[in-house]
Amino acid sequence: MSNSLNFTFSDLIAGYITKVEFPEVFDSQGIFTLKTSDDREYEVKVTYACYAELVRNLGEPFQIAPSIKDILIEGRFIHVYGVFYPEKSGLKFEAKHIVLFGRDGNHLRFEEQNWWIHQIQQLLNFYLEAQFGVNEGEEIDYRNFRTDLSAEGKKLTGEQNLDTISRLIYGFATAYMMTGDERALEAAVKGSEYMQQHFRARNTSEGTCYWYSQVNIQPDGTLRKFIGSQAGGDEGGNAMPCYEQIYALAGLTQTFRITGNREILRDIEDTISFLHRYYKDHSSNGGYYSHLDPVTLSPHSESLGINKGRKNWNSIGDHAPAYLINLWLATEKQEYADFLEYTFDLICQYFPDYDYSPFMNEKFLDDWSRDLNWGIQQARCVVGHNLKVAWNVTRMQSLKCKDTYKTFAHQIADAIPSAGCDNQRGGWYDMMERTLKEGEEFHRVVWHDRKAWWQQEQGILAYYIMAGVYNDKPEYLRYAREGAAFYSAWFLDYEEGAIYFNVLGNGQPYALGTERDKGSHSMAGYHSFELCFLGAIYSNLLVNKEPMDFYFSPEPGVWEYNILRVAPDILPRGSIKLSEVWINGQPYTDFNPEALTVNLPTDLPEMKVRCRITPIGVDFDADLLSFEDGIATLALEGNLSINGLKYLKEEIEKLHGVTGLVLDLNQLYSISENGMNYLLFTKQRFGEDFTVTLRGVQQGVRQSLIDSELVEEFILID
């Protein structure tokens, strides 16, 4: 018995336009062909009932495309939402809503240099208002923090969960690094202090530290603390999961990166000592146990039930992204590099399972044998965990190059698109059955085909960094861009702000239960902020060769040898350099471009450090120094040729109400005819009273101006 498809339904197609058939006058309908990521083709009918929009960032207005006919060009990647009609001649698809990802076929908005920077600013604004009411003039007070937030950002309970408070602090610290917004710095510092005051359990005599799982704010204002986790899957409060202690360090470590606070560093070091002492398997098996009994601190207690003597992805692999990579970046201590190598070697040794499944194994018994009976996971996989491994072993590859790291990353990256990716609509699924059963051709989703925001992050970062580091398979960049397109089109909540927890398979938001919320045990300001941070780093510094600025606020005298390390992530050696530094708004020259370090001054009571990281091979840079009373001052560096003009154009096009330019040319060594023509055209375009002043003109640039007889067009000052 078989059922025929004899009903209409709406759905999404993501793909590349391969053919367009439109009448000269688009009066009623046209047809184009769309090819999906896995090379299936659809014929798409377009009528006047269809509309198209340009993908927009948080905080931006709706941007409708003016002409359907003009936007449909061969090679362009688009999303089309519409209706399938089963007719006698076959299944027909009619478009109702088209999403464009750039202004033309080659442009991608989510790869613009400031796309993720703008987005993290919007996320910062949302969580500052939701948690602390900053828009109403309230102070940042963490007694007002709550784990559970509604879709609109309203507080729902009196709970303060360890991991969510730490992850939000991570988000604030990261937002400061990307924007220099002082509110983000204040929120990160105050949050770290609050965690230390109310969540920390320190054993001074043993030099260890651990963190309470939850603090509840009682109706009378008193605090009630929980040592056993209240999260599902952790035996109803009878266990201390390793991942909670790991993620307790996420916010602290990122705050330490920007401030160097020694009290934070002490807590990080003591927590690592606790992890090594109690969670680590000191037998020949090695690794870290997933849970401890909160009283005996034993991983083998009967009270742990299904978590007794278990190891998993979280207890082994989550050290790296949550805190350990950031701790190494801040200190470059060998012990942290060794710790990273130890965890990644375990992952590459025990996690691959390709004789059994296209997905890695992530649940283990004490001796590393597969645990296919644990809780709800059973013989299933989490797609995002696979992608997270590919992303992080690639980061590690740039710290210590090993064939095992590269091989495993490629195995995952090659297997997931056909087994865990939605090649019809875009995006990555949640939990999948690890093996096919008899008669099955597609790996089954477990409970639903929804897609979680954090798993999209893992895929976007995995494929972007692999495209940038290995550059050996062009499809990796395509997968990264297709994933970023799905996330950018469907996960941004334009009405209420921030990011949706889950969307349906077709991209529409899922708004039931805790998955409608913007804050829960699972969701805080972590993965969305992390995506903005690393998405910008990988797409700008590795793929598109765009410079980025990062901000630090080091406490005086706290860094060893007074050296501030500013590498944004573990990237291939020689791929980036530190090109410019400003301290308290003034240019500063005592830094090491290759080592990405700043030798801090010793005579300043407060320091605000801005660092420009530039990809190796970028020959020109333009930086807006100030914009006051209509006069914009920009510093130009390098050699201005036709290839570098886009950077200058981007800076000038950001300006609104500009009446004149002052260009600091102290570090501009040459200018092409295209560059001079652009300056002349800009002066003409802005009108008769518009002035262009050139300051600090070098001899080579001056000679070019003389040769082109343009000296009299500009004001030259020393």
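# A guided tour of strands, a pocket and a cavity

Select Trp-582 and Pro-587 to begin: Trp-582 stands opposite Pro-587, a residue of strand S23. The model on display is a predicted one.

**The strands around Trp-582**

Next, extend the selection to strands S22 and S23, which run antiparallel and are joined by three bridges. The two strands form a hairpin with two residues between them, and there Asn-584 takes a positive phi near 50°.

Now add strand S26, residues 609–615, beside strand S22, residues 576–583; these two pair in the antiparallel sense over seven bridges. Trp-582 has a partner here as well, since it stands opposite Arg-610 in S26. One may also select Ile-583, whose bridge partner in S26 is Val-609.

Is S22 enclosed or open to the surroundings? Seven of its eight residues are buried, and S22 is therefore largely enclosed by the rest of the structure. Buried here means under 20% relative accessible area.

**The whole sheet and its helix**

Select S20 together with S26, S22 and S23 to display an open sheet of four strands, in the order S20-S26-S22-S23, with antiparallel pairing. Strands of a sheet pair through backbone hydrogen bonds, either parallel or antiparallel. The edges are formed by S20 (548–552) and S23 (586–588), each of which pairs on one side only. From one strand to the next, the twist averages 30°.

Which helix lies across S20, S22 and S26? Selecting residues 527–543 shows helix H14, which runs at about 140° to S20.

**The strands at the start of the chain**

Move to strand S1, residues 9–21, and strand S5, residues 77–87. They pair in the antiparallel sense over eight bridges. Within this pair, Leu-12 stands opposite Tyr-81 in S5. S1 is also joined by five bridges to strand S2 (residues 29–35), and these two run antiparallel. Select Tyr-16 to find Lys-35 of S2 opposite.

**The second largest pocket**

The next stop is the second largest pocket, with a volume of about 1000 Å³. Select Gln-113, Asn-114, Ile-117, Glu-651 and Lys-654, which are the closest to its centre among the 27 residues that line it. Colour the following elements in turn, for each supplies at least two residues of this lining: helix H2 (115–132), helix H3 (162–179), S20, S26, strand S27 (620–628) and helix H15 (645–653). Two of these, S20 and S26, also belong to the sheet of four strands.

Which element gives the largest share of the lining of this pocket? H15 does, with six residues. By class, the lining of the pocket has 13 charged, eight nonpolar and six polar residues.

**The largest cavity**

The tour ends inside the protein. Rolling a probe the size of a water molecule over the atoms shows where empty space is left. Five cavities of 30 Å³ or more are counted in the model, and the largest cavity has a volume of about 130 Å³. Select Ser-37, Cys-421, Asp-422, Gly-426 and Glu-482, which lie nearest the centre of the largest cavity; its lining has 15 residues. S5 and helix H13 (474–490) are the elements that give two or more residues to this lining. H13 contributes the largest share, three residues. The residues lining the largest cavity divide into seven polar, five nonpolar and three charged.

Key
Residues numbered from 1 in each chain as written. Predicted model: local features only at pLDDT ≥ 70, side-chain atom pairs only at ≥ 80, totals over all residues. Heavy atoms only, no water. Pairing = 2+ DSSP bridges. Axes fitted to C-alpha atoms, helices over the stretch in contact; angles between N-to-C directions. Contact = heavy atoms within 4.5 Å. 1 Å grid on protein atoms, 1.4 Å probe; cavity = no way out; pocket = protein on both sides within 12 Å on 5 of 7 lines; lining within 4 Å. Points joined across faces, edges and corners; volume = space filled by probe spheres on them. Nonpolar A, V, L, I, M, F, W, Y, C, P; charged D, E, K, R; others polar. Buried < 20%, exposed > 50% of the residue type's maximum accessible area, 1.4 Å probe, protein only.
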